[in-house]
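Here are my notes for anyone opening this one for the first time. Have the sequence and the 3D view side by side, and take the points in order.

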Amino acid sequence: RRRREAVIRDALRAVVEALFRVLFTYDCTGEEKIPEGAAVIAANHPSYLDPLLLSLQVKRPIRFMAWDALFRVPLLGALVRLFGAFPVDVRAGRGGEAYDAARALLRAGELVGIFPEGKRSREGWMEPELRAGAARLALDTGAPLVPASIRGAFRAWPYFRAVPGLAKIHVRYHEAIDPAPYRALGEEEAVAALLAELRRRV
């Protein structure tokens, strides 16, 4: 079953990527910076399209810790699930189960994607308040933290629009952040420092 899903995912990825390149003038760079083995992919979150935008040029599936509401969007929800996402309840105090699932995936050597803002951006850029999950997962498992920037998607499908529009979209993966040096700090200080470095790169 897993192999069949991989074949379907690869075929759909090729179709969706071709469609996105026409509709949105989509481009992605830096995917070669994603290391082999486990890694936490952490990006800004300007639109509904973000899990797909980050996945299209990456051969391995990215298991996104995605807002549960995405799975209720027609067609998009099915696509997001097929690409490996799993739902998370973003309400305060409800993320423990998703965190445990993400940690298990990382320990199995997979890629886990997280949007540290916890919701779609209201302005298109990474918002000031970030949730700690991405940094804690990197520190907890030793997996590198890979920052990614999404530009243009806010114009394509912002939170206040019901359907997407035309836009030029660029995804860029940055150099991975090794969490090991941060472990010498206290837990909260380490989380804050990792998030600050993530924000600087994104």
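**Notes on the fold**

1. Start with the parts list: the protein has seven helices and seven strands. Keep in mind that this is a predicted model. Going along the sequence, the elements come in the pattern α-β-β-α-β-α-β-α-β-α-β-α-β-α. The radius of gyration is 16 Å, close to the 17 Å that the globule rule gives for 202 residues, so the protein is as compact as a globular protein of that length.

2. A few overall figures help with orientation. The C-alpha trace spans about 45 × 40 × 30 Å along its principal axes. Of the 202 residues, 50% are buried. If you take contacts between residues at least 6 apart in sequence, 72% of them join residues at least 24 apart.

3. Now the outside. About 10,100 Å² of the protein is exposed, and carbon and sulfur atoms supply 55% of that area. On the charge side, there are 31 positive and 24 negative side chains. The centres of those two sets lie 5 Å apart.

4. Which way do the residues of β2 point, and are they buried or exposed? A39, I41 and A43 point one way, V40 and A42 point the other way, and all are buried. Put as a tally, five of the five residues in β2 are buried.

5. What sits beside β2? Strand β2 (residues 39-43) pairs with β5 in the parallel sense, over four bridges. Two places to check by eye: I41 has G113 of β5 as its bridge partner, and V40 stands opposite V112 in β5. β2 also pairs with strand β6 (residues 145-151), again parallel and over four bridges. V40 turns up here too, with L145 as its bridge partner in β6.

6. β5 deserves a careful look, since both of its faces are covered. L111 and G113 are on one side, V112 and I114 are on the other, and all are buried. Besides its pairing with β2, β5 runs parallel to strand β3 (residues 62-67), with four bridges joining the two. I62 has L111 of β5 as its bridge partner, and F64 stands opposite G113 in β5. That makes G113 a handy landmark: its bridge to I41 ties it to β2 as well.

7. Carry on past β3 and you reach strand β4 (residues 86-88), which pairs with β3 in the parallel sense over three bridges. To find the spot, look for M65, which stands opposite F86 in β4.

8. Next comes α5 (133-141). Its buried residues are A134, A135, L137, A138 and L139. What covers them? The cover includes the strands β2, β3, β5 and β6, along with the helices α4 (96-107) and α7 (187-201). Right after α5 comes G142, whose phi is positive, near 80°.

9. L130 is worth stopping at. It is in the loop between β5 (111-114) and α5. Is L130 buried or exposed? Its relative accessible area is 16%, and buried means under 20%, so L130 counts as buried. Leaving aside neighbours within four places in sequence, L130 is in contact with P116, E117, L195 and R199. Take E117 from that list: L130 and E117 are 13 residues apart in sequence, while their C-alpha atoms are 4.8 Å apart in space.

10. Last, D89, another loop residue, placed between β4 and α4. Its relative accessibility is 17%, and the cut-off for buried is under 20%, so D89 counts as buried too. For a sense of distance across the model, try D89 and A11: they are 78 residues apart in sequence and 30 Å apart in space, C-alpha to C-alpha.

Conventions: Residues are numbered from 1 along each chain as its sequence is written. This is a predicted model: local features need pLDDT of at least 70, side-chain atom pairs count only at pLDDT 80 or more; totals for chains, interfaces and linings use all residues. Side-chain values use heavy atoms; hydrogens and water are left out. The radius of gyration is taken over C-alpha atoms; the globule rule is 2.2 Å times the number of residues to the power 0.38. Buried means under 20% relative accessible area, exposed over 50%, partly exposed in between (1.4 Å probe, protein chains only). Contact means heavy atoms within 4.5 Å. Accessible areas come from the Shrake-Rupley method with a 1.4 Å probe; for residues, only the protein chains shown count as cover. Lys and Arg count as positive and Asp and Glu as negative; His and the chain ends are not counted. The place of a charge is taken as NZ of Lys, CZ of Arg, CG of Asp or CD of Glu. Two strands pair if DSSP finds at least two bridges between them.
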